[in-house]
Amino acid sequence: MSKFPTHKIAIIGAGAVGATSAYAAAIRNIAAQILLIDVNEKKEEGEVMDIRDGLCFTETGGIIGANYPDAADADVIIITAGLPQKPGETRLDLITKNKKILEEIFAGIGKLRDDTIVVIVANPVDILTYLAQKISGLPEHQVFGTGTTLDSARLQIAISQALEVYPQSVQGFVLGEHGDSEFVAWSTVTVGGIPASDIKALSPALKKKIEEQVRNKAYEIISRKGATFYGIALVVADIIESILFDQKKILPITTHLVRCNGVSGVCLGSPAIIGRHGILGHWPVKLHSDESKRFQNSAKIIGKIIKSIE
Ligand code: NAD
C-alpha cells in the first residue's frame, strides 16, 4: 500500500473515542490523511503529536490537527463529538445538547463534497443519525451510525468464549436500538456455519446469560474505567475500510428504515451493505416473530424520542 495519502478522513471529536479511532485507523494501514478536529485544541494537538510518533511503523499517510472547513472535501467524516450524560440530566437534555453540537459541526464545515460519507458514533447514536441525516443535507444512504456493530462484536466474543472457538467463526447480529432495548437476533447467529438453534451447548439459559452480558457490557466497562473506546475504535476503523475500499461488508449500522421487519421512518441498528457510496442496500435478514416484536419495540422507543424533539 502506498505511503502517500490517497484518501482524507476527518474525525470530529478528539476525545477517548475519536483519538483511539484515529489510532486504530492509522495502525490498520489505511492510506489516508487523517484530520482530527476538536474544540479543545490543546487536546487535539496532543493526540495528533502522540499518534504521529507512531506513523513510521505504519503505511498511513499522515495525521494533522484541523478545523471544521478542512473536513469539507473529506471522503469520510466520523463524528464522535458529544457531551456525556451528567448525573441527574435526562436523556432528552443530552440529545438537545448533542443536536446543537451536530448543527455547529455541519455549519462549521460548510458545503460538503457530494460523495462524502458521514458516520455518527456519538450517543444516542440512533437519534443523532436521524438528526444528522436532516442537518447534513446529504442523501440518507451517505449518513449512517455505528448502530449495533459494537454490540454484535460483543456477541461474537461472548459466544466464542462460551464455545471456545475463534470469534470470527461466529456470525450474528444484535439489532435495534444501540441501548437498553437492543436484542440478540438468535435467528441470525451461526457458528462455523451451524445455526445457533442446532448447537446444544447454546442452551436457553446460556443464551439469556450471553444476551444480558452483551447488553450490560458498556455499563460494566464504564463502571471500571469510565469510558469505552478500544472496541468502538476498531469498529470505526472497520467501517472506514469498508467505505474507502468498497469492501461491501454487511454490518448492523444505524440506518433509516423503510418497511424493514415492520418498521418504517426511524433510524435503528439493522444490517446493511457498506461500500464507497455509503449504504449500498439493506440486508434482508428474516427475523422470528418474537424478534420482529422486539425490533418494533426498539423502533417505538426511538420514534417517541424523535417525535418529542421535532
Ligand atoms: P470524550 O468526552 O472523551 O470526547 C468527546 C470530545 O468531543 C471531547 O474531546 C470534546 O472536546 C469534543 N467536542 C465537544 N463538542 C465538540 C464540537 N462542537 N466540535 C468538536 N469537538 C467537540 O467522549 P468519548 O469517550 O470520546 O465519547 C464520545 C461519544 O462516543 C459519546 O457520545 C459516547 O457515548 C459515544 N460512544 C459511542 C459508542 C458506540 O457504540 N456508538 C461507543 C462508545 C462511545
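Lys248 is placed in the loop between helix 7 (230–244) and strand 10 (249–256), where helices (H or I, at least four residues) and strands (E, at least two) are DSSP runs numbered from the N terminus. The model is a predicted one, in which local features need pLDDT of at least 70 and side-chain atom pairs count only at pLDDT 80 or more, while totals for chains, interfaces and linings use all residues. Residues are numbered from 1 along each chain as its sequence is written, and side-chain values use heavy atoms, with hydrogens and water left out.

Lys248 is not a glycine, yet its phi is positive, at about 65°. Most residues other than glycine have a negative phi, and most peptide bonds are trans. Lys248 is partly exposed, at 45% relative accessibility; buried means under 20% relative accessible area, exposed over 50%, and partly exposed in between (1.4 Å probe, protein chains only). Arg259, another residue other than glycine, also has a positive phi, near 45°. Its loop runs between strand 10 and strand 11 (267–275), and Arg259 is exposed at 72% relative accessibility. A cis peptide bond, with omega about -5°, links Asn123 to Pro124, and Pro124 belongs to the loop between strand 5 (117–120) and helix 4 (125–136).

Turning to the ligand, 23 residues surround it, and Val17, Asp38, Tyr68, Val121 and Asn123 come nearest; a residue is near a molecule or strand if one of its heavy atoms lies within 4 Å of it. The shell comprises twelve nonpolar, nine polar and two charged residues, with Ala, Val, Leu, Ile, Met, Phe, Trp, Tyr, Cys and Pro counted as nonpolar, Asp, Glu, Lys and Arg as charged, and the others, Gly among them, as polar. Helix 1 (16–27) and helix 3 (91–109) each contribute at least two residues to this shell. A ligand oxygen is 3.0 Å from a polar backbone atom of Ala16, and a ligand nitrogen is 3.0 Å from a polar backbone atom of Val121.

Away from the ligand description, Ser298 is found in helix 8 (residues 289–309) and is buried, with a relative accessible area of 0%. The side chains of Ser298 and Ser181 share a polar contact of 2.6 Å, that is, a pair of N or O atoms within 3.5 Å; within protein, one must be able to donate a hydrogen and the other to accept it, and residues adjacent in sequence count only if both atoms are side-chain atoms. A polar side-chain atom of Ser298 also lies 2.9 Å from the backbone nitrogen of Glu177.
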